[in-house]
Amino acid sequence: MSLLHLPHHDGSPLYVGDEAPTLGDTVTVRVRTRADDPVDAVWLRTTYDAEPVFHPMTATTEGDTVWWEGALPVHNPVTHYRFLVVRGDDQDWLTGAGIVGHDLPDAADFRLAAYPAAPDWGRDGVVYQVFPDRFARSAAADGRPSPDWALPAEWDEEVAFEPDDPRTPMQLFGGDLDGLTEHLDHVAEVGADIVYTTPVFPGESNHRYNATTFTEVDPLLGGDEAYDRLSTAVHERGWRILGDLTTNHTGDTHEWFLAAADDPLDPRRTYYYFGDDGTYACWMGHGTLPKINHADPDLRAAMVEGPDSVVGRWLRPPYDVDGWRIDVANMTGRLGPIDVAHDVARAARATAAELREDPWVIGEHNHDATGDVDGDGWHGTMNYSGFSWPVWSWLRDPSSPARAFGRPVPVPRRDGTAVVDTFRAWQGTLGWRATANSWNILGSHDSARIRTVVGGEAAVHRVAAGLQFTMPGVPMVFAGDELGLEGVNGEDARRTMPWASRDSWDRATLTTYADLARLRRARPALRRGGLRWAHVDTDTIAYLREHEAGSLLVVARRAAGPAFDLPVGAAEYLFGSEPGGADLAPGPDGVRVPGADGPRLDVWALATE
């Protein structure tokens, strides 16, 4: 059914005059309704120091559209607002989660933050995630001895991935940073311009999230000199580079922890949560990952506050990272009754802003990041709940061996209506700006590969990629997704890149990623435009990305489906994930979107009115 008749507002420039106001500003906000919708009035409701306040809105008719305009005072650092839509004796609320015919809490209200916006390069870019041990080996890697903890593996050897297999964290394939530098042309071919590597600190595992120090790059990766070469090469291309830092824990062989465990009087003892009996808090019961105590001011100074902290020193040469992805950001600073999580996020972002003109700080959060991303902390999140899981649930092959991430059973296969409801709910609760600056993820080093989720079906994989690049948010591509690599869980997803067997690459899917990246870069609507749901049924989801520089129609299908009509004007065909596709000519009732004989995603440019 078409959804374009519904009242609409989002946080994009067509509807909000300034998405990054300062405290005390007044911002113009607009609501769109149809001229044939008998709306008598629209009221803007905000909360002034938590007290509801209503402001009138004025209507202007433009063709078949009525624009309601009101003035929103930015009185609080995060201003919540919604709209009351009045039709005679009927009243609906328009919130971030859509139009609702009953009273509801403020959780899904639209929101406007009076804090500086995330950098343009982050929101406009495409992120390419690299797991260094599995991406590429340089010639220099052949001469490096393996440490005692490691189990050396050949590049084409099968990856150990079972959680109870002791080889899983110890298998070392020998990928290094110079190997990545040598393959930046491939990153360019994918269309990415932001390189994000998982941790490069020394650590007694292949994933290096159990750091032994934060003062240097692991010599197994080539050391500081190799990172300098990588950072320089990335910046010479006009790209950006992000580091990966675990602020929640260190390894149990970290220099801080060894000193603290050895001497109860050591000043670093308070960096961790030690009990009187010598036991200590750790991440999810893993004794090798002792939890950091951010309630301790000395620890916070060492980790996140100021230019000499871990966060600060890596933002300067020779590392020169442009920002951070913060691992386990959701648990950082939280333990039982202690919750200083936002203080940590605020400090990390402030340190980054002190040292770089336009840093980007993203927090890992695989559940509900509400409240963690709409203020002066993390700019956005790895949006598993708001993007990954709904996409998985729509496109998952019920027979797929892919294992769930964060739940005891596989994600259910749901129809388009349920999936759109999920997207709306998360976009509402996270807020528009945080959603636009968060990462659209189909999979990562912590999850199954999208190719495995969809049962190996390349066409369905390409539909997923189309959603990743055309919905609000920043695409984050896990290296190898563009080639069709598979993996049933996070560890299995860390397979090596098949550089020596390029005949195994899914070239059509690689081309799709590259074409989508070019399209996103060329069309402001895909980076800055609003999102208006246009049509949804079991197997089809269609939406508009609206922007004053030109609006787009996106139609995604997970299976064959019939044609349907939409009340929009002529549309020029721009992209298809499968062969075929043509311009849409207008008729008396708008355009007829053609049917499809299988999964595909298509994009059209709407004619300007």
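Helices here are DSSP runs of H or I with at least four residues, numbered from the N terminus, and helix 4, which covers residues 184-190, is where H186 is found. The structure on screen is a predicted model, and the tour starts from this histidine.

**Stop 1: H186 and its surroundings**

Select H186 in helix 4 and show the side chains around it. Since buried means under 20% relative accessible area, H186, at 5%, counts as buried. Setting aside neighbours within four places in sequence, the contacts of H186 are Y128, E482, L483, M497, W499, W505 and L510. Keep Y128 selected, for it leads to the next stop.

**Stop 2: the largest nonpolar core**

Y128 belongs to the largest nonpolar core, a set of 131 residues, in which Y128, W360, W439 and L467 touch the most other members. Which helix gives the most to this core? It is helix 10, residues 384-395, with seven residues. Now centre the view on W439, whose contacts beyond four places in sequence are V127, Y196, L242, R325, W360, I362, T381, M382, N383, V474 and M476. Another of the four residues named above, W360, thus appears among the contacts of W439. A second core, separate from this one, has 19 residues, and M57, V74, V85 and A114 are among them.

**Stop 3: helix 10**

Select residues 384-395 and display the whole of helix 10. How many of the residues of helix 10 are buried? Twelve of the twelve are, so helix 10 is largely enclosed by the rest of the structure. Going along the helix, the buried residues are Y384, S385, G386, F387, S388, W389, P390, V391, W392, S393, W394 and L395. To see what they pack against, add helix 11, strand 22 (439-441), helix 13 (450-453), helix 14 (458-470), strand 25 and strand 26 (552-557) to the selection.

**Stop 4: where helix 10 meets helix 11**

Keep helix 10 in view and add helix 11, residues 416-430; the two pack at an angle of about 175°, with their axes 9 Å apart. Because angles over 145 degrees count as roughly antiparallel, helix 10 is roughly antiparallel to helix 11. On the helix 10 side the residues to highlight are S385, G386, F387, P390, V391, S393 and W394, which meet G416, V419, T422, F423 and W426 in helix 11. Coloured by class, this contact shows seven nonpolar residues, five polar ones and no charged ones.

**Stop 5: helix 11 and R424**

Hide helix 10 and look along helix 11, whose 15 residues reach 21 Å from the first C-alpha to the last, close to the 21 Å expected at 1.5 Å a residue. Its buried residues are G416, V419, V420, F423, R424, W426, Q427, G428, T429 and L430. The elements that cover them include strand 9 (110-113), helix 10, helix 12 (432-437), strand 24 (530-536) and strand 25 (540-546).

Within helix 11, pick R424, which is listed among the buried residues of this helix. Apart from neighbours within four places in sequence, R424 is in contact with L3, L6, G96, A97 and W533. For a sense of scale, draw a distance from the C-alpha of R424 to that of D492: these atoms are separated by 32 Å, and the two residues are 68 apart along the chain. Just after helix 11 comes G431, whose phi is positive, near 95°.

**Stop 6: loops with backbone features**

Go to the loop between helix 8 (310-313) and strand 17 (323-327), where P318 is found. The peptide bond from P317 to P318 is cis, with omega near 10°.

Continue past strand 17 into the loop that joins strand 17 and strand 18 (334-335), and select V328. Although V328 is not a glycine, its phi is positive, about 50°. Is V328 buried or exposed? V328 counts as buried, at 6% relative accessibility. N330 lies in the loop between strand 17 and strand 18 as well, and at 19% relative accessibility N330 counts as buried. Beyond four places in sequence, N330 is in contact with E364, H365 and N366.

Finish at M284, in the loop between strand 15 (282-283) and strand 16 (286-290). The phi of M284 is near 50°, again a positive value in a residue other than glycine, while its relative accessible area of 58% makes M284 exposed.

How values were computed
Residues numbered from 1 in each chain as written. Predicted model: local features only at pLDDT ≥ 70, side-chain atom pairs only at ≥ 80, totals over all residues. Heavy atoms only, no water. Core = buried A, V, L, I, M, F, W, Y, C linked by side-chain atoms within 4.5 Å. Buried < 20%, exposed > 50% of the residue type's maximum accessible area, 1.4 Å probe, protein only. Contact = heavy atoms within 4.5 Å. Axes fitted to C-alpha atoms, helices over the stretch in contact; angles between N-to-C directions. Parallel < 35°, antiparallel > 145°, perpendicular 65-115°, else oblique. Nonpolar A, V, L, I, M, F, W, Y, C, P; charged D, E, K, R; others polar. Expected span 1.5 Å × (residues − 1).
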